[in-house]
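Visitor: I'd like a close look at a single part of this one, please. Pick up one strand and walk me outward from there.

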Amino acid sequence: MFRGYTVLKCEGIRVSFGGIHALRDVNFTAEYGNITALIGPNGAGKTTLLNVISGLISPDNGHVYFLGDDITDLPTYLRGQMGIVRTFQNLEIFHNMTVLENVLTGCHRHVKYTLLDSLLKTPDYWEGERFCLEYARNALEFVGLLDKRDMPAQDLPFGSQRLLELARALVAEPTLLLLDEPAAGLNLSETENLGKIIHRIRDEKKIPIVLVEHDMGLVMRLSDRVYVLNFGEVIAQGEPKEVQNNPEVIAAYLGEEGT
Amino acid sequence: MELASYFQLLLSGITVGSIYGLTALGFTIIFNTTGIINFAQGEFVMLGGMLAVFALKGFKLGVLPSIFISVVVTTIIGAAIERITIRPVRGGAVLNLIIATIGVSIFIRGVIMFVFGKDTYGFPQFTGDIPLTFWGVAIMPQSLWVIAVTVLLLLWLFFFFKKTIFGKAMLACSHDRKASYLVGISVNKMVLASFAISALVGAIGGAILTPITLTSYDVGIMLGLKGFSACIIGGLGNPFGAAFGGIILGILESFGAGLISSAYKDAFAFFILLVLLFFRPTGLLGLSKIERV
Amino acid sequence: MSGFKKDGLSVFCFVLLLLAVPFFLTNVYYINTLTLSAIHAIIAVGLNLLMGYAGQVSLGHAAFYGIAAYTSAILTTTYGLPIPLGMVIGILLSGFIAYIIGIPTLKLKGHYLAMATLGFGVIVYIFFNETIELTGGPSGFRGVPRLALFGFTFESDLSYYYLTSLTLAFIIVLSLNLINSRIGRALKAIHTSETAAQVFGIPIAKYKLFVFVISALYAGLAGVLYVHNLSFVAPSSFGFNFSVELVTMVVLGGMARIWGSVIGAFFLTILPEFLRFFENIEIMLYGAILIVFIIFMPEGIAGSIVKIFAAWRARKSDV
């Protein structure tokens, strides 16, 4: 795997809900070693595209390729087992568990001990749990939540819950990490912190990232490539600087501000 | 078997099926407005019959006044249930909601059993019990009343949901709760109304059927189950499907009991439910709005 | 203390308690009540795995209890099969039927399973009542041999008490082990957010089916213990009311708390002994408990104890 290798390719994705065309003929790629941002005004279809990539929605038309394989019809949990992991705009942490348990759950795909191992508490079980625990601690340390590991997840402040989702995603050692508005609701310092962490994910862990975000500063600082969606169509793509100066993009955003 | 007997089975199927349809409609109204399956729906039907018996025998009122009172009281109970037990749990886990409606259903049943015991009760048919006969078929006049009242109720509901502001507001709620809220529709009021209307519809159904099938503290469970099966037959969430499903179920059950086995009559609804869930959970008409996991 | 050690300690204390009780309560009637409580607790623990962890409701668990009971009764009495074989077949049949029902229903949302199990429970009840040649109908099936394993017959009530309470302890250990594993975490995840669970590679429908079958197997185990104790079965023990009682035990004790189900089961089994007019208010009481607990104390008795204890510990450390 080398930098620039196409990890994800979406071809001709079309999604409609009732009469609304959420996505029209969207082509999108993400490469290894890159942070690919997906931006656009509200309702442009960004989360819908993420849902298609993670398998929560089936496209009416088009294909999704992951590392060369057609995964268009693959159910979400199988994509999860392949390492396609995401965070959620509206936070889907497991509020009936502690911080640590949340992150341990993310390790599910790595650990293979069986039901019998669990029931009889075999050495395989202990080995698997030790492995999970180590990974979980590392992930929590990476995002800075290690000291809060025994807290009930729902007691964490909002900003920390976002970091928890990130830690949970990291522990799965994703082959593709989808971040759905990870900075939404964060204040300035939290956003900066988040930005640093995302950068480290790309550079230290070498995980390809697809980033959906509204915070333009964050997007421009972090991304290697940017796709702009408007009304379900890709209206621009390229390096951050290019896209920033693209008149169509500016019009799309201004149009949103005008209304 | 002669043609007349088939017709007899058909008719009794349609009669009972009408009530299944009304029960199913009650499920549908609440489901469409709230997304919940109200396990106590069958108990509304039971209350319609039992409370009418109580008014009749306890207060020596006439048949129609008793039914009127029982329907009014059941409607109030329906609204009270929403306010007291459903609203506190509404935002939480689906599981808790299910348990809440189950708890309500059990509690109502328990109270009725405590007060009335396990006996079966009935009251006279509206216009006497001399069957009308033609072409070898005997029809109980009450059957005609059941079908007539059901049709009237369906027409009223249709008018209510399509033509009145309140009804349209409830429909809006079912399509998009947040949007409805944003245009000023009080979602809480709509939910309350949905419970009240479902209770009303269920109670009427229960009351008009009692002269034919009798009633007891226990009838709610099977009625609820059959009403739900009817919903699935017609496609959950579809009111026409609910009514249609009820009639179909009633007819299938009647023919099954008459031709195959009457001991397993109650089992038919369940078998149909399972078969549908296996092969076609969106209903025979495929018009439901369920989500798959 | 680690979770594993804590669990081990609590099971150990529980077993000690169970073994000690007959020395204080010598009346055999009380012993039999406790035996029945333990049998109910086995079902309740299984049902809790389904409700508290996988987040699904079954309104027909009495049916799985009854299927295993009747199957073992009929096989060992009418057909003279050895008791262990009859029991195993009974339990497996319950599990198998749960598997068949679970496949279509668990793919859909919560209330489908509730309704399907409600209907299923009714069907089974009707079946027990109607197939008179096989089951003896409403008056029941008699003459079931007393439980005997490896040549030892559990003739005395006391020996049966020890058998069932130790079986319960074993079931508790098994369930605790199940919960404290990646499988348990997956189940808790499914309960809270199926979307997120899927994203992390958890196959939701498969896990739900798995738990449903497990809970049916537990109920089956309880059923065979029941029938070979009483030597008699009747359909009335396996009706809708009992299914409701089971759900109430789980809610009362605390969902997603193994010990909660044990508490709930013992409480609701022993309670009727103290309330002579219980039969009249039984149904009303279950309904009231369900409503009150789900609104005000959804974590049940066990959960409330844990919360109070945690609050007390937090206050102690502040001082």
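How many bridges join β7(A) to β8(A), and do these strands run parallel or antiparallel?

Guide: Keep in mind that this is a predicted model. β7(A) and β8(A) run parallel, with four bridges joining them. Along that seam, A:Leu179 sits opposite A:Leu211 of β8(A).

Now look at the other neighbour of β7(A), which covers residues 176-180. There β6(A) pairs with β7(A), again in the parallel sense, over three bridges. Two of the residue matches are handy for finding your way: A:Val85 has A:Leu177 as its bridge partner, and A:Arg86 has A:Leu178.

As for the strand itself, β7(A) is mostly covered, with five of its five residues buried. Turn the view so you can see where the side chains go. A:Leu176, A:Leu178 and A:Asp180 point one way, while A:Leu177 and A:Leu179 point the other way. Note that A:Asp180 is buried along with the leucines.

Step back and you'll see the whole sheet. β7(A) belongs to an open sheet of six strands in chain A, ordered β6-β7-β8-β3-β9-β10, and the pairing is mixed. β6 (84-86) and β10 (233-238) of chain A each have a single partner strand, so one side of each has no neighbour in the sheet. From one strand to the next, the twist averages 20°.

Something lies across this sheet, too. Helix α7 of chain A, residues 188-204, lies across β3 (35-39), β7 and β8 (209-212) of that chain. Relative to β8(A), α7(A) runs at about 160°.

That helix also leads us to the domains. Chain A is divided into domain 1 (1-83 + 174-258) and domain 2 (93-173). Taken over C-alpha atoms, the centres of the two domains of chain A are 26 Å apart. In the contact between them, 11 residues of domain 1 of chain A meet 10 residues of domain 2 of chain A. On the domain 1 side, α2 (76-82) and α7 of chain A each supply at least two residues, and α7(A) gives the most, with three residues. By class, that side has six nonpolar residues, four polar and one charged.

Over in domain 2, try A:Ala167. Leaving aside residues up to four places away in sequence, A:Ala167 touches A:Val103, A:Ala139, A:Leu140, A:Phe142, A:Val143 and A:Leu145. In the largest nonpolar core, which has 271 residues, A:Ala167 and C:Ile42 touch the most other members. Helix α10 of chain C (residues 204-230) gives the most to this core, with 17 residues. From chain A, the core draws at least three residues from each of domain 1 and domain 2.

Since chain C has come up, here's how the chains meet. The contact between chains A and C takes 27 residues from chain A and 23 residues from chain C. On the chain C side, α7 (157-179), α8 (182-192) and α9 (194-199) of chain C each supply at least two residues. The largest share there comes from α8(C), with eight residues. The chain C side has 12 nonpolar, eight polar and three charged residues. Of the two pairs of chains in contact, though, chains B and C share the most contacts. Chain A and chain B do not touch, and their nearest C-alpha atoms are 10 Å apart.

Methods. Residues are numbered from 1 along each chain as its sequence is written. Chains are lettered from A and ligands numbered from 1 in the order in which they are written. This is a predicted model: local features need pLDDT of at least 70, side-chain atom pairs count only at pLDDT 80 or more; totals for chains, interfaces and linings use all residues. A nonpolar core is a set of buried Ala, Val, Leu, Ile, Met, Phe, Trp, Tyr and Cys residues joined through C-beta atoms within 7 Å. A residue is buried if 20 or more other C-beta atoms lie within 10 Å of its own, exposed if 12 or fewer, and partly exposed in between; C-beta atoms are placed from the backbone. Domain bounds come from an automatic or database domain assignment. Two residues are in contact if their C-beta atoms, placed from the backbone, lie within 7 Å. Two strands pair if DSSP finds at least two bridges between them. Axes are lines fitted to C-alpha atoms, for helices over the stretch in contact, and angles run from 0 to 180 degrees between N-to-C directions. Ala, Val, Leu, Ile, Met, Phe, Trp, Tyr, Cys and Pro count as nonpolar, Asp, Glu, Lys and Arg as charged, and the others, Gly among them, as polar.
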